[in-house]
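Here is a short briefing on one molecular structure. Keep the sequence and the model beside you as you read.

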Amino acid sequence: MTERAEIAVGTRPRAAWRVPWTLLIFLAALTLPWIGSRYDTFLGTQIAIYALFAMSLNLLLGTTGLVSFGHAAYFGIGSYGCGILMKTLAVPFWLAFPAAGFIAAAFGLVFGFFCVRLTKIYFAMLTLAFAQIVWAICFKWNDVTGGDQGLPDVPFPNLAWLGSLPGFQHFRIGELFYFLVLVLVAICIAVLRRLTDSPFGRVLTTIRENPERAEFIGVDVRAYELAAFTIAGGFAGLSGALFGIFNRGVFADFVFWSKSADVMIMTILGGIHHFWGPAVGALVLTLLNQQITAYTEYWPFVLGTILVVLLFVFPGGILGALDVALSRVRKQRDA
Amino acid sequence: MNPGFLFSQFMGGLTAAMFLFLIASGLSLVFGVMRVLNFAHGSFYMIGAYIAWQVVQWLQPSPERFWPAVLAAAFGVALLGAVVERLLFRFLYDREELYQLLFTYALVLILGDAAKFLWGTQQLSVSRPPVLAGGFELFGTMVPAYNLFIMLFGPLIALAVWLMLTRTTPGRMVRAAALDREMLGALGANVGTLYTGMFALASFLAGLSGALVTPIQSIVPGMDVEIIVQAFIVVVIGGLGSFWGTFLGSVIYGQVLSFGILIFPGFSLFSVFALMAVILILRPWGLLGRPLR
Amino acid sequence: MLEILGLTKSFSGFVAVSDVSLTVETQQIAAVIGPNGAGKSTLFNLITGHLRPDSGRVLLDGRDITGVQPHETCRMGLGRSFQRTNIFPKLTVFENLQAALLVHYRRGGNFWSRSDALYRDEVEALLVSIGLRDQALSLGGTLSYGNQKQLELGLALASDPQVLLLDEPTAGMSAGETHATIRLLERIAEQRGLTLLFTEHDMEVVFGIAQKIAVLHQGRLIADGAPADVRNDPEVRRIYLGHGLVHA
């Protein structure tokens, strides 16, 4: 995959079409409540939230090379954090939302501290163990988390100001919330993008590629891994906070390992080597899930089969496969 | 707290331990050789249980239905394991571990639903074989004969597998493969067949324990997940890849389960994973594993 | 510049390195040789902090760096290149070096700048000095073996070391490549005033550029001095009989 050398050394062919696409998709997504049904908007909200969740995982998986089986813990902590703050303590959304992110990040810091001391399968198992501990606490701590009943009726944030704008007046709270979610998720993703492109992100990729070599160019691998773990946890928490509201309630199964598995499958489905891979995976998997569960109760079977096909035929995920296809087209065109 | 009660708890713990050992040994074996943690191992256990039930149904009028059913289950699952390994799994050996793990997870999803499709969701059960239907009075408590059988059978299997690993040529090759797969291949050993055989053996053990547990526990969807979690704990306690570590881990964990529930009713959910976390933090290589650092 | 005092390390009873003391002067080119298993790689790992010695000390320019973590020793001026090429395969050559520079200039904690834009001139200069300018956009993993070794060297140089440890820099190379590599090393060492310590099996290389040679055998230092002295040392000759030392 040798690219032709550019005139200036090291200039990556920064394809000019990349920047407008993201903006265009964002603008198109904004129009969804007007052009689609309430159900479409509902799906769109879910996809946006999962996209953020998956992208936070990819900071670990695709960028740093850390395999976490317990990422749902931070999603759940964010959900409970925001839900409890808003419902039980009547804290307004604009405070509860970032607070949930910080709480989740704090847990990421504490759990991560122990996890980064281990490698590979041990690391993965400890992340899983911590996540299940969190689940068990959420499931049992009736007073605070509602136990196995969960925390129903988490209130929506006050969006009356938005609803009063011309053109927005016919929207219900669910649709207004969609706009909020879209904007917040977009901001978070933009931050993640910046992070990935920054020197910090570059160092993370060296850890993914070769942790031993990274040490010998001066990288304190554990410290960076911990930082990545904390940040990923924080963003997962933010997505969880949004989900708790969207779902009209927070429940312990947000933290269950199957959720960690789901988000991982999403990430891999889209392609872990591309920044937008997880978002694509979230979109595809959510839509597939909606479609297929309408026809059959055997969604796990379908998911398992998709996963097998993915692993054997498209290890780079959807975007990886597109890459391969595009480069073949390019080669034919140039030949 | 009379001695009879304590003793019965102890026996219960040992029985649980032996079941756990049968399952976890397969898991440990696969990890030791192929360096992959097979999530689907619990699914094989469950399939073993379902096959045993099915065979018992088919042999309905005949009195000695249990033992053929157990054998059918064990060999059936072994076959399933061999097929899965040969046709699918082997192509992932060169890939990153994550992909191998995800494949086993995909199997969990697929096999779980397959079982649901074939056998439905209600609880099923199998009665004990008539020869082991009774019990013995020991230390003031009634110990079922079947449990005693399991408590003796478990270590026997352990010994058999261990002997196979250390005394026979295939066994030694397996251990060599764990250390350096390529080298072994270069030496002319058929590593592929070895792996298939290993996987089949592990699956055999899983199917066997699934079949054997049916008189004691009902067969329900979700038993695959429940058991794999416990198997994980056991191999972590004992040390990933260590055979006797798994045995020790099973014994310890069996007692922890048995007595822990008395002390702390909400026990299993939290403490199981807390235990795992503690071990991974303090001594990741478990009791008998090889130290990482 | 680099002082090794009485380093000892054993692994569950097996003594890998036993009471090795060695001094490398500033801007000197020194080599450590010895049969396989003599303990050369272990010695390097002890120096760079990858392993903690059981006893003994390592001093870099007077500062005690014994047992200091590798990423710290790197910061303190110790560079290392590995025997088996150890680069970042899915990053381009440019990105490989840029990453090393980013860390060197302590910009790793920077979350906001675009890393692409940083230190481009320096990367370019580094590329030129190691001879990989026209491979800048190739992925590290797709380079030829020789080029990977050059990149390896580049990564070690990016941290602007004072002392460079090279683990078998010409391993697996043809005669021509070896020659080119040695010329490159000499040139770079002179340009940057580096102190070099390397291990090698190729005796022509060793006697070609080393100003000081240390011989390890079974973990112990059995000879240490100028090339001519080492070549004539009876013990060394005994150990290396048949390995080509005699006619170099």
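H4(A) and H12(A) are oblique to each other, because an angle counts as oblique when it is not under 35 degrees (roughly parallel), over 145 (roughly antiparallel) or 65 to 115 (roughly perpendicular). The model is predicted: local features need pLDDT of at least 70, side-chain atom pairs count only at pLDDT 80 or more, and totals for chains, interfaces and linings use all residues. Residues are numbered from 1 along each chain as its sequence is written, while chains are lettered from A and ligands numbered from 1 in the order in which they are written.

**Two helices packed in chain A**

- Two packed helices are described by the angle between their axes and the distance between the axes.
- H4(A) and helix H12 (residues 221-246) of chain A pack at about 50°, and their axes are 6 Å apart.
- Axes here are lines fitted to C-alpha atoms, for helices over the stretch in contact, and angles run from 0 to 180 degrees between N-to-C directions.
- Helices (H or I, at least four residues) and strands (E, at least two) are DSSP runs, numbered from the N terminus.
- The crossing of H4(A) past H12(A) is right-handed. A crossing is right-handed if the near helix is turned clockwise from the far one by less than a right angle, and left-handed if anticlockwise.
- On the H4(A) side, the contact residues include Tyr74(A), Phe75(A) and Gly76(A). On the H12(A) side, they include Ala236(A), Gly237(A) and Phe243(A).
- Two residues are in contact if their C-beta atoms, placed from the backbone, lie within 7 Å.
- By class, the contact of H4(A) with H12(A) has eight nonpolar, ten polar and no charged residues.
- Ala, Val, Leu, Ile, Met, Phe, Trp, Tyr, Cys and Pro count as nonpolar, Asp, Glu, Lys and Arg as charged, and the others, Gly among them, as polar.

**Phe75(A)**

- Phe75(A) lies in helix H4 (residues 72-88) of chain A.
- Is Phe75(A) buried or exposed? Phe75(A) counts as buried, because it has 32 C-beta neighbours inside 10 Å.
- The cut-offs: a residue is buried if 20 or more other C-beta atoms lie within 10 Å of its own, exposed if 12 or fewer, and partly exposed in between, with C-beta atoms placed from the backbone.
- Beyond its neighbours within four places in sequence, Phe75(A) is in contact with seven residues that include Phe53(A), Phe254(A) and Lys259(A).
- Leu43(A) is 32 residues away from Phe75(A) along the chain, and their C-alpha atoms are separated by 19 Å.

**How the chains meet**

- Of the two pairs of chains that touch, A and C have the most contacts.
- That contact takes 43 residues from chain C and 28 residues from chain A.
- H3(C) gives the largest share of the chain C side, with six residues.
- The chain C side that touches chain A has 21 nonpolar, twelve polar and ten charged residues.
- Chains A and B meet through 28 residues from chain A and 28 residues from chain B.
- Helix H6 (120-140) and helix H15 (299-313) of chain A each supply at least two residues of the side that touches chain B.
- H6(A) gives the most to that side, with 13 residues.
- The side of chain A that touches chain B has 23 nonpolar, three polar and two charged residues.
- Chain B and chain C do not touch, and their nearest C-alpha atoms are 10 Å apart.

**Chain C**

- Chain C has nine helices and ten strands.
- Its C-alpha trace spans about 60 × 40 × 30 Å along the principal axes.
- In chain C, 48% of the 248 residues count as buried.
- Among contacts in chain C between residues at least 6 apart in sequence, 65% join residues at least 24 apart.
- Helix H1 (residues 40-48) of chain C is largely enclosed by the rest of the structure, because nine of its nine residues are buried.
- Among the buried residues of H1(C) are Lys40(C), Leu43(C) and Ile47(C).
- Gly49(C) follows H1(C) and has a positive phi, near 95°.

**Positive phi outside glycine**

- Asp153(A) is not a glycine, yet its phi is positive, near 60°.
- Asp153(A) sits in the loop between strand S1 (151-152) and helix H8 (160-163) of chain A.
- Asp153(A) counts as exposed, because it has 8 C-beta neighbours inside 10 Å.
- Asp19(C), also not a glycine, has a positive phi of about 50°.
- Asp19(C) lies in strand S2 (residues 14-24) of chain C.
- With 14 C-beta neighbours inside 10 Å, Asp19(C) counts as partly exposed.
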